[in-house]
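Let's take a walk through this structure together, one sheet at a time. Keep the viewer open as you read.

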Amino acid sequence: MAALGLVAACGPREALYEAKILSNACSGTPALEGVHYLRFRVTGAGMEPVERYVPVERGATELPAVPAGTGRVLEVRGYTNLPGEGGRVVALGRSRPFDVPESAEAQRPSIGVALRRVDTYVWPARARGGCASLEEPRAGHTATVLEDGRVLLAGGMRAEVGQPSSTLSSAELFDPVTGMLEMAPELGTGEGSDFQSSPRAFHTATRLPGGRVLLAGGAVESVEGTMPLRSALVLDVAGRTYTAVELKRARSHHAAAADSGGRVLLVGGMDSAGSVVPDAEGFDPATGQVFSVSTPVPRVGMGVMPVRDGRSIAVVGGSDGTMLRPEVLFFSYEGGSFVPSGETGRLREPRRDAALVPFAGSERLLYVGGHASADGAENGRILASSELVSPSDVTAGPQVFARSAICAVALPDGRVMTIGGRRSTPNGIVSDSHVEMLVPGKNGAAPGLLGLKPLERQRHYHSCSVLEDGSVLIAGGLDDSGNGWTTLGDLVIYTPVPLD
């Protein structure tokens with residue numbers, strides 16, 4: 001990767017840290033093209049933000065000095081000119097949190113910042129050369145942003161026209177700063193001859209406290225057909241080991257979310273008979289045990305998401321296999337299990353396979369897209385609407401481009417991006433390439449909608465994840481044109497234009 005080494009000059013204003021800007025990419029306009037000024041801005045607890053504008057050619061010697069402390073974050077912006085002279089932001093990057101030592105004699109932290117063009121889909125470049133892409137194309141996989149900023153891409157399936165589909169047991173770790181990928185331990189438990197492989201697709205992945213990830217349920221292709229799994233795996237990322245967990249029910253295409261205590265609620269899904277699983281269950285990472293949830297929640301194609309800073313978990317929409325469910329349910333952890341919190345609402349337009357994401361904070365959720373059929377999208381109208389859900393009410397949200405199986409993410413500034421999915425055509429249901437930005441209204445105004453550049457490749461069953469620097473990673477998926485399909489192995493990063 002092209003890099004600008006940034007080390008502050010010596011003297012009383014010396015910055016006791018070092019940084020490197022990584023600005024290469026395999027596609028699109030180079031990050032520094034047209035950039036004449038860099039703005040360095042450092043924020044952190046116990047300090048006022050410190051910033052400095054530096055001509056791009058002098059950036060190597062002029063980092064701003066900051067007070068010693070923990071959790072500092074360096075943001076780098078590339079401007080076409082100074083903001084007061086009409087300059088605009090064309091590139092953006094942020095570091096991981098770092099600590100600044102008290103003493104000039106202490107070892108200086110060295111941080112990396114991936115500077116990327118805003119409003120552009122970028123294929124990341126590897127620091128050692130070449131373009132970053134998945135080692136194995138995958139769809140129906142999970143993507144989990146870990147505590148160290150890397151992304152775990154686990155399992156999934158691979159399907160090509162004229163070939164039987166297969167379920168994957170591989171997992172990969174992607175570093176968005178360096179663009180490097182490495183293989184994670186294969187999904188399974190044991191070692192040597194005792195190793196038990198555990199391929200799975202359409203499972204859930206939930207980040208647990210202490211650098212662990214729960215990979216639960218899913219399905220595997222076998223000679224007997226598609227079989228839902230009753231097993232789960234807890235990955236210790238640092239130790240690179242898995243611990244097996246037995247669920248109470250086999251389930252795939254289910255949903256899961258963790259509360260503020262790290263306890264995971266698993267809801268619905270499909271069983272081996274093709275029926276909707278009625279029983280919910282929970283997992284406590286403190287004990288490593290699965291526990292029963294007495295309230296049945298027979299749903300598939302629903303959304304599950306924490307609200308109120310994780311004090312409650314919402315279950316929204318979906319189908320019970322016969323009819324769409326309009327009820328919005330809320331659960332909280334009490335007395336050793338998840339129990340209904342007594343707060344319910346009803347969707348104005350019941351739907352399944354919609355996306356559920358936080359919208360402008362932790363109190364309100366956006367439920368967007370989906371289709372109006374109790375079973376597949378082929379049998380129902382694909383919806384161009386959205387709804388805003390909170391513990392107190394359900395209201396209409398903005399109109400969107402009609403898509404089901406949307407991948408959606410909530411940005412740190414409250415905006416929501418919707419990416420890809422499936423749409424209806426006269427010739428049937430196909431993958432979609434639309435991307436939209438939904439913007440919360442200010443001072444009670446209605447939310448807004450902005451259409452963004454479409455993806456180069458249409459896709460569904462892909463993953464989308466908000467990285468630590470606020471950019472969005474889009475990985476893999478299935479490209480179904482209606483005349484055939486292929487499994488994608490690409491990695492694409494989109495950096496939104498900042499609001500300020």
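**Two sheets and a loop residue**

In β26, E281 is the bridge partner of L266. Please keep in mind that this is a predicted model. The pair belongs to a longer match: β25 (residues 264-267) and β26 (residues 281-284) run antiparallel and are joined over 3 bridges.

Now step back to the sheet around them. It is an open sheet of 4 strands in the order β24-β25-β26-β27, with antiparallel pairing. At its edges you will find β24 (255-258) and β27 (289-292), each of which pairs on one side only. Between neighbouring strands of this sheet the turn is 25 degrees on average, ignoring direction.

Next, look for G336, which sits in the loop between β30 (327-334) and β31 (337-340). Is G336 buried or exposed? Neither label fits: G336 counts as partly exposed because its relative accessibility is 36%, and that class lies between the cut-offs of under 20% for buried and over 50% for exposed. G336 also has a distant sequence partner to look at: F291 is 45 residues away along the chain, while the two C-alpha atoms are 8.1 Å apart in space.

Further along, another open sheet awaits, with 4 strands in the order β37-β38-β41-β42 and antiparallel pairing. Why do β37 (407-410) and β42 (448-451) each have one side without a neighbour in the sheet? Both stand at the edges with a single partner strand, so that side is left free of a sheet neighbour. From one strand to the next, the twist averages 20 degrees.

Finish at the partner of β37: strand β38 (residues 416-419) runs antiparallel to β37, and 4 bridges join them. Here A410 stands opposite V416 in β38.

Definitions and conventions
Residues are numbered from 1 along each chain as its sequence is written. This is a predicted model: local features need pLDDT of at least 70, side-chain atom pairs count only at pLDDT 80 or more; totals for chains, interfaces and linings use all residues. Side-chain values use heavy atoms; hydrogens and water are left out. Two strands pair if DSSP finds at least two bridges between them. Axes are lines fitted to C-alpha atoms, for helices over the stretch in contact, and angles run from 0 to 180 degrees between N-to-C directions. Buried means under 20% relative accessible area, exposed over 50%, partly exposed in between (1.4 Å probe, protein chains only).
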